[in-house]
Amino acid sequence: MAARATWKGFLRVSLVNIPIKVFPATESSSTISFNQLHNVCQTRIQQKRWCPTCNKEVANTELAKGFEFEKGRYVIVAEEDIEKVRPTSTRIIDLVQFDEDKSLDPMYVDRTYYLAPDGQVAADAFAVMREGMKGKIGIGKVALYGREYLVAVKPYEKGLVMYTLHHAAEIRNMGGIEELNIIPAKVKADQVLLAKQVIGHFEKKLDLSDYHDEYREGLQKIIDAKVAGEEVAAPSEEMPPKVVNLMEALRKSLDSASNQRKKAAKADLPKKAARGEAKRKQG
């Protein structure tokens with residue numbers, strides 16, 4: 001099934017405007033959601049807006065937006081006040097700065113989208129800009145749905161990928177985490193060496209498709225079983241042992257990793273032998 005664009009617009013770099021389509025790069029519908037029910041009759045619960053002072057349900061026409069400037073004190077912000085600063089949606093992704101693509105800290109990334117050309121004429125300009133941006137990332141803004149978004153755009157496979165970004169003011173400073181102050185400034189070299197050896201046993205090329213949402217898959221199995229009138233036994237929970245002697249724990253980890261690698265190598269021998277036999281027969 002072909003992907004469907006969520007909106008159309010323009011990618012602007014200086015005086016160049018390229019018609020583009022924007023596609024979500026992630027799938028949020030994979031999350032299992034629940035409704036709140038009354039456990040007696042299994043009826044879905046209704047959420048009502050209730051005023052504890054007037055002791056009554058409040059209609060939508062009686063609601064107002066309030067900003068709490070002091071504890072328990074609010075200033076009313078009317079819709080016409082918000083309209084004074086709300087940006088007009090332009091659907092133009094305006095890139096105003098470029099830097100090396102590695103310069104973007106992943107901490108700032110919020111959501112990810114794919115960009116593709118809208119039409120053949122746009123495709124030619126799109127291809128030129130994509131090639132010109134190789135190794136670079138463009139930073140800019142887009143005004144959409146009454147909001148202004150900070151975005152980053154860079155080449156990705158056949159097209160471009162766009163990240164909506166958090167502003168710097170939204171990133172919390174690690175300095176407020178007091179627990180980080182107890183970390184020793186110096187560590188023992190022999191412990192670091194052993195830790196690197198343990199880590200080295202688990203090094204391999206990253207492929208995130210190897211990982212699955214085991215929580216979601218397990219939850220789906222429980223839901224399917226309940227629909228079928230079955231029960232699923234919960235797995236026993238094992239608590240990890242506390243690390244008392246770091247060197248001993250590292251050595252045990254190294255031994256365990258080495259044994260697992262040997263077992264994997266032995267298990268792979270019959271497969272290699274079968275492949276070798278197949279090649280000989282082909283020869």
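Trainee: Which residues line the second largest pocket?
Mentor: In this predicted model, the lining of the second largest pocket is made up of Gln 97, Asp 99, Ser 103, Leu 104, Asp 105, Tyr 108, Ile 137, Ile 139, Leu 150, Leu 165 and His 166.

Trainee: And which elements give two or more residues to that lining?
Mentor: Those are strand S7, which spans 92-100, and strand S9, whose range is 136-144.

Trainee: How do the lining residues of the second largest pocket divide into nonpolar, polar and charged?
Mentor: Six of them are nonpolar, three are polar and two are charged, and the volume of this second largest pocket is about 160 Å³.

Trainee: OK, what volume does the largest pocket have, then?
Mentor: The largest pocket comes to about 190 Å³, and its lining includes Thr 6, Trp 7, Asp 110, Arg 111, Tyr 113 and Met 162.

Trainee: Which element gives the most to the lining of the largest pocket?
Mentor: Strand S8 does, with three residues, while the elements that give two or more residues to this lining are S8 (109-117), S9 (136-144) and S11 (159-165). By type, the lining of the largest pocket divides into seven nonpolar, two polar and two charged residues.

Trainee: Switching topic: how many residues has the largest nonpolar core?
Mentor: It has 20 residues, and the ones with the most contacts inside it are Ile 20, Ile 93, Leu 115, Val 153 and Met 162. Among the elements that each supply at least two residues of this core are strand S1 (7-13), strand S2 (16-24), helix H2 (120-132) and strand S10 (147-156).

Trainee: You named Met 162 twice, so what does Met 162 touch?
Mentor: Leaving aside residues up to four places away in sequence, Met 162 touches Trp 7, Val 22, Ile 93, Arg 111, Thr 112, Tyr 113, Leu 115, Val 151, Ala 152 and Val 153. There is also a second, separate core of seven residues, which includes Ile 137, Leu 150, Val 161 and Tyr 163. Of these, Ile 137 and Leu 150 also line the second largest pocket.

Trainee: What about cysteines, how many disulfides are there?
Mentor: The count comes to zero disulfides.

Trainee: Why is there no bond from Cys 51?
Mentor: The closest cysteine sulfur to that of Cys 51 belongs to Cys 54 and is 3.8 Å away, which is too far for a bond, because a disulfide needs the two sulfur atoms within 2.5 Å.

Trainee: Last one: why does Cys 41 count as partly exposed?
Mentor: Cys 41 counts that way because its relative accessibility is 45%, and partly exposed covers what lies between buried, under 20%, and exposed, over 50%.

Technical notes. Residues numbered from 1 in each chain as written. Predicted model: local features only at pLDDT ≥ 70, side-chain atom pairs only at ≥ 80, totals over all residues. Heavy atoms only, no water. Buried < 20%, exposed > 50% of the residue type's maximum accessible area, 1.4 Å probe, protein only. 1 Å grid on protein atoms, 1.4 Å probe; cavity = no way out; pocket = protein on both sides within 12 Å on 5 of 7 lines; lining within 4 Å. Points joined across faces, edges and corners; volume = space filled by probe spheres on them. Helix = DSSP H or I, 4+ residues; strand = E, 2+ residues; numbered from the N terminus. Nonpolar A, V, L, I, M, F, W, Y, C, P; charged D, E, K, R; others polar. Core = buried A, V, L, I, M, F, W, Y, C linked by side-chain atoms within 4.5 Å. Contact = heavy atoms within 4.5 Å.
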